[in-house]
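Please open the structure in a viewer and keep the selection panel at hand. The tour proceeds by selections, from the whole chain to single residues.

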Amino acid sequence: IGLGALCESLHYIDPDPLVFNEYQQAIVSVGQILANYSYDGWYPCFGFGAKLQDNKTSHCFNLNGLPNPNCLGINGVLSSYYQAVRAVGLSRPTNFEPVIRETMNIAKACEMSPDNTQYFCLLILTDGSVDDLSQTKAAIEEASRYPMS
């Protein structure tokens, strides 16, 4: 059973499709703003702090479960979120550094492209705990050199 089925989970997915949890609300609210700046509507999306189907903890996995992390539009992001919360379980520790570095690698690769016109906004939705604070700070400092915030 994934997180989405547990009523006590912050990730609980209500059977009523018009009732969103706080994570869904944040995805839609921020996504509607960022959508105005996306030239193609694709968003690389990652999850973290989860036990995947192989029962190993992952600190950075493609939210959609596919080899390519890109989701099409906010509905694609929401669909990938629904899929993930139904399939994974929470796992500690909560480490942000791998997600920051993965996003940084995407930004770094785009910076090297001939048109060099992409910019990335990393949005981390969490319950507030961070277990790798010093590594996260170092990754943020390094990421500041690339077209991302």
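The stops below begin with the overall fold and end with individual loop positions.

**The whole chain**

Select the entire protein chain first, bearing in mind that this is a predicted model. Coloured by secondary structure, the chain shows four helices and seven strands. Their order along the sequence is α-β-β-β-β-β-β-α-β-α-α. The radius of gyration is 15 Å, close to the 15 Å that the globule rule gives for 149 residues, so the chain is as compact as a globular protein of that length. Aligned on its principal axes, the set of C-alpha atoms fills a box of roughly 45 × 35 × 25 Å.

Next, display contacts between residues at least 6 apart in sequence: 69% of these join residues at least 24 apart.

**Surface and charge**

Switch to a surface representation. About 8900 Å² of the protein chain is exposed, and carbon and sulfur atoms supply 56% of that area. Of the 149 residues, 36% are buried. Now select the charged side chains, of which 8 are positive and 15 are negative. The centres of these two sets lie 8 Å apart.

**The largest nonpolar core**

Hide the surface and select Ile27, Cys45, Leu63, Ile74, Val77 and Tyr81. Within the largest nonpolar core, which has 17 residues, these six touch the most other members. Two elements, α1 (22-34) and α2, each give two or more residues to this core. The greatest contribution comes from α2, with six residues.

Centre the view on Val77. Apart from neighbours within four places in sequence, Val77 is in contact with Ile27, Tyr43, Cys45, Leu63 and Cys71.

Before leaving the interior, select Phe48, Ile100, Ala107 and Tyr146. These belong to a second, separate core of 13 residues.

**Ala84 in helix α2**

Return to helix α2, which spans residues 73-87, and select Ala84 within it. Is Ala84 buried or exposed? Its relative accessibility is 7%, and Ala84 therefore counts as buried, the cut-off being under 20%. Beyond neighbours within four places in sequence, the contacts of Ala84 are with Phe61 and Leu63. A distance drawn from Ala84 to Ile124, C-alpha to C-alpha, reads 15 Å, and the two residues are 40 apart in sequence.

**The cis peptide bond at Pro93**

Move to the loop between β7 (89-90) and α3 (97-111), where Pro93 is located. Which residue is joined to Pro93 by a cis peptide bond? The partner is Arg92, and omega of this bond is about 0°.

**Asn55 and its backbone angle**

Select the loop between β3 (50-51) and β4 (57-58), and within it Asn55. Phi of Asn55 is near 70°, a positive value in a residue other than glycine. With a relative accessibility of 53%, Asn55 counts as exposed, the cut-off being over 50%.

**Pro67, the last stop**

Finally, go to the loop between β5 (61-62) and β6 (70-72) and select Pro67. Pro67 is exposed, having a relative accessible area of 82%. To close, draw a distance from Pro67 to Ala143: their C-alpha atoms are 23 Å apart, with the two positions 76 residues apart in sequence numbering.

Note on methods
Residues are numbered from 1 along each chain as its sequence is written. This is a predicted model: local features need pLDDT of at least 70, side-chain atom pairs count only at pLDDT 80 or more; totals for chains, interfaces and linings use all residues. Side-chain values use heavy atoms; hydrogens and water are left out. The radius of gyration is taken over C-alpha atoms; the globule rule is 2.2 Å times the number of residues to the power 0.38. Buried means under 20% relative accessible area, exposed over 50%, partly exposed in between (1.4 Å probe, protein chains only). Contact means heavy atoms within 4.5 Å. Accessible areas come from the Shrake-Rupley method with a 1.4 Å probe; for residues, only the protein chains shown count as cover. Lys and Arg count as positive and Asp and Glu as negative; His and the chain ends are not counted. The place of a charge is taken as NZ of Lys, CZ of Arg, CG of Asp or CD of Glu. A nonpolar core is a set of buried Ala, Val, Leu, Ile, Met, Phe, Trp, Tyr and Cys residues joined through side-chain atoms within 4.5 Å.
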